[in-house]
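Dear colleague,

I am passing on the structure below, and I would be glad if you could look through it with the notes that follow beside you.

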Amino acid sequence: MRTLFKPLTTWALALFLAAGLTGCGYNDFQRLDEQSKSAWSEVLNQYQRRADLIPNIVATVKGEANFEQETLTKVIEARSKATSIQMTPEMLNDPAAMQKFQAAQGEVGSALSRLMVVVEQYPNLKANQAFSDLRVQLEGTENRITVARNRYIQAIQEYNVLARSFPTNLTAMVFSYAPKAGFQVENEAAISSPPKVDFNKQ
């Protein structure tokens with residue numbers, strides 16, 4: 001009788017532990033961690049797509065005589081700085097690394113925006129079919145970046161809620177599952193103000 005009781009006790013203990021692990025959210029942490037890494041890979045993929053377009057854009061713009069070299073230089077420098085920062089999935093838990101990466105990508109976006117504004121002053125460039133095609137590709141990539149970032153934000157939101165909610169926060173503490181860093185708006189005051197439009201400027 002005692003020999004029969006021992007296997008039953010072992011099975012009962014195993015079932016209890018399995019149920020406990022399910023309730024503690026361990027498997028959910030694994031699933032959401034993989035989901036966030038996958039979403040982050042897509043963000044990087046779209047940023048790389050943008051970086052790959054820039055040399056072609058620069059080469060096309062260089063063909064226009066008297067184009068503002070300072071504007072081109074800023075685009076090239078911003079791209080170089082951004083591509084030098086390698087963001088691995090492990091760095092997603094490092095807010096300082098994420099902020100540095102965001103700042104570099106923000107500089108690329110700002111330099112490209114400035115380039116597009118300057119292009120408006122060059123009729124030959126505006127009429128250039130190759131540049132027009134590159135511009136459409138760039139706009140499409142910027143949209144893809146926005147979509148990819150939104151998906152990443154949603155993925156880490158799920159992960160972070162799990163890491164902070166009871167009782168799964170206990171699992172997070174035991175296994176050192178820290179909340180992941182998200183995208184931050186660089187200058188919230190600037191985007192909360194409406195843009196100034198002055199038609200008197202020549």
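Helices here are DSSP runs of H or I with at least four residues, numbered from the N terminus. Please keep in mind throughout that this is a predicted model.

With that meaning of a helix, the pair Glu70 and Lys74 can be placed: they lie four residues apart in helix H3 (residues 69-84), and therefore about one helical turn separates them. An α-helix has 3.6 residues a turn, so residues three or four places apart point the same way. The side chains of Glu70 and Lys74 meet in a salt bridge, with 3.4 Å from N to O. Glu70 counts as exposed because its relative accessibility is 57%, while Lys74, at 48%, counts as partly exposed.

The structure holds ten salt bridges, and some of the others reach between helices. Lys81 and Glu107 form a salt bridge with an N to O distance of 3.1 Å; this pair links distant parts of the chain, since Glu107 belongs to helix H4 (residues 95-119) and Lys81 to helix H3, 26 residues apart. Both residues are partly exposed, with relative accessible areas of 36% for Glu107 and 43% for Lys81. Salt bridges with shared partners also join Glu120, Lys126, Arg135 and Glu139 into one network.

Another salt bridge is formed by Arg50 and Glu142, whose closest N and O atoms are 3.1 Å apart. This pair, too, links distant parts of the chain, with Arg50 in helix H2 (residues 26-62) and Glu142 in helix H6, 92 residues apart. Arg50 counts as buried because its relative accessibility is 4%, whereas Glu142, at 28%, counts as partly exposed.

Helix H6 (residues 129-164) also allows a check on its geometry: at 1.5 Å a residue, its 36 residues should span 52 Å, and its end C-alpha atoms are indeed 52 Å apart, which agrees. The N-terminal end of H6 is capped by Asn128, a side-chain oxygen of which lies 2.8 Å from the backbone nitrogen of Ala130.

Finally, there is a nonpolar patch on the surface, formed by Phe166, Leu170 and Met173, which together have about 370 Å² of accessible area. Met173 is placed in helix H7 (residues 168-175), and it counts as exposed because its relative accessibility is 58%.

With best regards

Conventions
Residues are numbered from 1 along each chain as its sequence is written. This is a predicted model: local features need pLDDT of at least 70, side-chain atom pairs count only at pLDDT 80 or more; totals for chains, interfaces and linings use all residues. Side-chain values use heavy atoms; hydrogens and water are left out. Patches are made of residues with over 30% relative accessible area and no salt bridge: like charges are joined within 9 Å, nonpolar side chains (Val, Leu, Ile, Met, Phe, Trp, Tyr) within 5 Å. Accessible areas come from the Shrake-Rupley method with a 1.4 Å probe; for residues, only the protein chains shown count as cover. A salt bridge is a side-chain nitrogen of Lys or Arg within 4 Å of a carboxyl oxygen of Asp or Glu. Helices (H or I, at least four residues) and strands (E, at least two) are DSSP runs, numbered from the N terminus. Buried means under 20% relative accessible area, exposed over 50%, partly exposed in between (1.4 Å probe, protein chains only). The expected span of a helix is 1.5 Å times one less than its number of residues. A polar contact is a pair of N or O atoms within 3.5 Å; within protein, one must be able to donate a hydrogen and the other to accept it, and residues adjacent in sequence count only if both atoms are side-chain atoms.
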